[in-house]
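Reader: I should like to learn how the features of a protein model are read. May we look at one together?

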Amino acid sequence: MELTWRSYPLVLREPLRISRSSMAGRDAVQVTVSHDGVSGHGELVTSNYQRLDLTTAVTTLVGLAGRIAGYLDPETLHADLSTLAGAVPPGVRAALDAAVHDLVARRAGVPVHRLLGLRDGTPVGTAYTLGLVAPDAAGATARRLVAAGFTTLKIKAGDADDLARVAAVRAAAPQARLLLDPNGGWNAEQAVRLLEAMAAHRVDAVEQPVPPGDPDGLAWIAARTPVPVVADEDAVTVTDVRRLAGSVAGVNVKLAKCGGITAAREIIHVATGYGMDVMLGCLVASSLGIAPAVHLSARARWVDLDGHLLLADDPWTGIGGHDGTLRLAGTSGLGVTPAGTGDRAVAPR
């Protein structure tokens, strides 16, 4: 068994501003696990919020390489992965988890979702994220996205234009499902007040309206608004989900946040067991980084897997999404391949 990696930049088509930061790009690392001439791939992306930079990622991979070399086959490594990588940063763990799933599924000749015992990869709609831009710009973008085929739009919030921005997007996309994400940029009273004012615009759900670390605040908001409240940064582990049961409508499961496919499946199982809905979310990443979550999309009420659509140039292809619908290629493993010159699609501007 061999673990290798390479880093590369991911540049956004335009900067994405949210309530706590603005981003123009990320560093990414392709993680590859190889055995007997077959390779599986995963991807991690750097994140200031998660305190994962390129140096930390590579240092962690260097520490794992020797241990992985001692495994005789990827199936045994797959079974041991939670123990082997349990203490490493979740973004690194998620990339390694994806690479091992990809390798095992390729060796078995099946897509990852079939390896997991899930139904065939039916095409699924994804949300597209609109950052903190002026209301008229948000409306214009929403109009173009709907014309391209998107039926769900996610609106970032957390500034003085929140209500006007939602109104502009709703006017431009009267039939679209609207998701709202302040990234913890509101306080509890403000959240209730704004959600009440936005009721006429038919918001489908709101993610993490208050800063993480206050699950009681989430519960207080959820009890006072008809808009489903979805925990994001407050729902990282199974323990978090159990703590939130009965107080919020759902949880946002991000593989880079929880540690990969294996951890995400456990969280989804526990959340649905408590009657909570699931949102599948992501960080900005290439199609390689987004693909593992697409294989779990049958388990989600809300799918927000647009990280690759925000890039100026996606180095991988195979999951679509540029018309608002994600489609797995149906090939073995994760189903993504390096993008060749001339076959890279660009989302509507």
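Reader: Let us begin with a single residue. Is glutamine 208 buried or exposed?

Author: Please keep in mind that this is a predicted model. A residue counts as buried when its relative accessible area is under 20%. Glutamine 208 has a relative accessible area of 0%, so it is buried. Its place is the loop between β8 and α8 (215–222).

Reader: What is the sign of phi at glutamine 208?

Author: Most residues other than glycine have a negative phi. Glutamine 208 is not a glycine, yet its phi is positive, at about 30 degrees. Asparagine 183 also has a positive phi, of about 50 degrees, and is not a glycine either. Asparagine 183 lies in the loop between β7 and α7, and its relative accessibility of 8% means that it counts as buried.

Reader: I should now like to step back to the whole chain. How many helices and strands does the protein chain have?

Author: The protein chain has 12 helices and 15 strands. Its radius of gyration is 19 Å, close to the 20 Å that the globule rule gives for 349 residues, so the chain is as compact as a globular protein of that length. Along the principal axes, the C-alpha atoms fill a box of roughly 60 × 45 × 40 Å. Of the 349 residues, 55% count as buried. For contacts between residues at least 6 apart in sequence, 66% join residues at least 24 apart.

Reader: What does the protein chain expose, and how many charged side chains of each sign does it have?

Author: The chain exposes about 13800 Å², and carbon and sulfur atoms supply 51% of that area. There are 32 positive and 35 negative side chains, and the centres of the two sets lie 3 Å apart.

Reader: How should I read a sheet, and which order do the strands of the open sheet of eight strands have?

Author: Strands of a sheet pair through backbone hydrogen bonds, either parallel or antiparallel. Here the open sheet of eight strands has parallel pairing and the order β5-β6-β7-β8-β9-β10-β11-β12. The edges are β5 (127–130) and β12 (302–303); each has a single partner strand, so one side of each is left without a neighbour in the sheet.

Reader: How many bridges join β5 to β6?

Author: Four bridges join these two parallel strands, and threonine 129 stands opposite lysine 154 in β6. Further along the sheet, β7 (residues 177–181) and β8 (residues 203–207) pair in the parallel sense over three bridges, with leucine 179 opposite alanine 205 in β8.

Reader: Which way do the residues of β5 point?

Author: In a regular strand the side chains alternate between the two faces of the sheet. In β5, Ala127 and Thr129 point one way and Tyr128 and Leu130 the other way; all of them are buried.

Reader: Why is strand β11 described as largely enclosed by the rest of the structure?

Author: Four of the five residues of β11 (residues 277–281) are buried, so the strand is largely enclosed. On one pairing, β10 (residues 250–254) and β11 run parallel over five bridges, and valine 253 stands opposite leucine 280. β11 also pairs with β12 in the parallel sense, over two bridges; there leucine 280 stands opposite valine 303.

Reader: Which elements cover the buried residues of helix α6?

Author: The cover includes β5, α5 (135–148), β6 (152–156), β7, α7 (188–197) and β8. The buried residues of α6 (residues 162–172) are Asp162, Arg165, Val166, Ala168, Val169, Arg170 and Ala172.

Reader: Where is the antiparallel sense found, and over how many bridges do β1 and β2 pair?

Author: Strand β1 (residues 2–18) and strand β2 (residues 21–35) pair in the antiparallel sense over 13 bridges, and tyrosine 8 stands opposite alanine 28 in β2. The two strands form a hairpin with two residues between them. β2 also pairs antiparallel with β3 (residues 38–45), over eight bridges, and the bridge partner of valine 33 in β3 is glycine 40. β2 and β3 form a hairpin with two residues between them, and aspartate 36 in the turn has a positive phi of about 50 degrees.

Reader: Finally, which residues does leucine 328 touch?

Author: Leaving aside residues up to four places away in sequence, leucine 328 touches His113, Gly121, Val294, His295, Gly318, Ile319 and Leu334. The C-alpha atoms of leucine 328 and histidine 295 are separated by 7.9 Å, although the two residues are 33 residues apart along the chain. Leucine 328 is found in the loop between β14 (325–326) and β15 (337–338), and its relative accessible area of 18% makes it buried.

Methods:
Residues numbered from 1 in each chain as written. Predicted model: local features only at pLDDT ≥ 70, side-chain atom pairs only at ≥ 80, totals over all residues. Heavy atoms only, no water. Rg over C-alpha atoms; globule rule 2.2 N^0.38 Å. Buried < 20%, exposed > 50% of the residue type's maximum accessible area, 1.4 Å probe, protein only. Contact = heavy atoms within 4.5 Å. Areas by Shrake-Rupley, 256 points an atom, 1.4 Å probe, with all protein chains shown as cover. Lys, Arg positive; Asp, Glu negative; His and termini not counted. Charge placed at Lys NZ, Arg CZ, Asp CG, Glu CD. Pairing = 2+ DSSP bridges.
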